[in-house]
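Student: Please take a close look at the charged side-chain pairs in this model, and at how they sit in the fold. I would like one connected account.

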Amino acid sequence: MKSTPTVKEKILKVLLKGKATTGEIVKALGYHKNNYGNVITYLDLLKEEGIINSRTKKTEGPGKNPTLWYIKKDLEALRKIANEWPDLVPYMMENDEILD
């Protein structure tokens, strides 16, 4: 029987499709804006594990610039994903940007 995907796995599935802001990730997961803090906690954990990285996305106009998250393009990060979340391997194979 297949287990329910963890929040980390869900986040990685979103990021394996391409770079995304925190807000885009929250929306893709189907969460409410009140869940930003929870999602950021998991994003920070994945970053500490060396799997993802982030940068500030420059925008024009007023307001805070959003954080853009992405899968690290290094063999160790990809290996960690494949080992911990084997169900994500097909998504890794679909993303040419990650495999460059």
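Tutor: Start with Glu76, which has a relative accessible area of 44% and is therefore partly exposed. Keep in mind throughout that the model is predicted. The side chain of Glu76 forms a salt bridge with that of Arg79, at 3.5 Å from N to O. Arg79 is itself partly exposed, at 40% relative accessibility. Both residues belong to helix H4, which covers residues 75–84, and because they are three residues apart there, about one helical turn separates them.

This pair is one of three salt bridges in the count. Another is made by Lys72 and Asp74, whose closest N and O atoms are 3.9 Å apart. With the cut-off set at 4 Å, this distance falls within the limit, so the pair is counted. Lys72 has a relative accessible area of 25% and is partly exposed. Asp74 is partly exposed too, with a value of 28%.

The remaining pair is Lys8 with Glu49, where the N to O distance is 2.4 Å. Lys8 is in helix H1 (residues 7–15), while Glu49 is in the loop between helix H3 (36–48) and strand S2 (52–56); the salt bridge therefore ties together parts that are 41 residues apart in sequence. What is the burial state of each partner, buried or partly exposed? Lys8 has 18% relative accessibility and counts as buried, whereas Glu49, at 24%, counts as partly exposed. The limit for burial is under 20%, so the two partners fall on opposite sides of that limit.

Lys8 is one of several covered residues in its helix. Seven of the nine residues of H1 are buried, and the helix is mostly covered. The buried residues are Val7, Lys8, Glu9, Ile11, Leu12, Val14 and Leu15. This list holds two charged residues, Lys8 and Glu9, next to Val, Ile and Leu. Glu9 is found in H1 and has a relative accessibility of 15%, which makes it buried. Leaving aside residues up to four places away in sequence, Glu9 touches Trp85, Asp87 and Leu88.

Next comes the sheet. It is an open sheet of three strands, with the order S1-S3-S2 and antiparallel pairing. Its edge strands are S1 (20–21) and S2, each of which pairs on one side only. H1 packs on this sheet and touches S1, S2 and S3, with its direction at about 90° to that of S3. So H1 is the helix that carries Lys8, and the loop that holds Glu49 is the one between H3 and S2. H1 thus has contacts with S2 through its packing on the sheet, and it has a salt bridge to the loop between H3 and S2.

The strand pairings can be given in more detail. In general, strands of a sheet pair through backbone hydrogen bonds, either parallel or antiparallel. S2 and S3 (residues 67–71) pair in the antiparallel sense over five bridges. Among the bridge partners, Arg55 is matched with Leu68 in S3, and Asn53 with Tyr70 in S3. On the other side, S1 and S3 run antiparallel and are joined by two bridges. There Thr21 stands opposite Leu68. Leu68 in S3 is thus a bridge partner of Arg55 and also stands opposite Thr21.

Finally, the setting of these parts in the whole chain. The protein chain has six helices and three strands, and along the sequence they follow the pattern α-β-α-α-β-β-α-α-α. The radius of gyration is 14 Å, close to the 13 Å that the globule rule gives for 100 residues, so the chain is as compact as a globular protein of that length. Along the principal axes, the C-alpha trace spans about 45 × 30 × 25 Å. Of the 100 residues, 33% are buried; Lys8 and Glu9 count as buried. Of the contacts between residues at least 6 apart in sequence, 53% join residues at least 24 apart. The exposed area of the chain is about 6600 Å², and carbon and sulfur atoms supply 50% of it.

Methods:
Residues are numbered from 1 along each chain as its sequence is written. This is a predicted model: local features need pLDDT of at least 70, side-chain atom pairs count only at pLDDT 80 or more; totals for chains, interfaces and linings use all residues. Side-chain values use heavy atoms; hydrogens and water are left out. Helices (H or I, at least four residues) and strands (E, at least two) are DSSP runs, numbered from the N terminus. Buried means under 20% relative accessible area, exposed over 50%, partly exposed in between (1.4 Å probe, protein chains only). Two strands pair if DSSP finds at least two bridges between them. Contact means heavy atoms within 4.5 Å. Axes are lines fitted to C-alpha atoms, for helices over the stretch in contact, and angles run from 0 to 180 degrees between N-to-C directions. The radius of gyration is taken over C-alpha atoms; the globule rule is 2.2 Å times the number of residues to the power 0.38. Accessible areas come from the Shrake-Rupley method with a 1.4 Å probe; for residues, only the protein chains shown count as cover.
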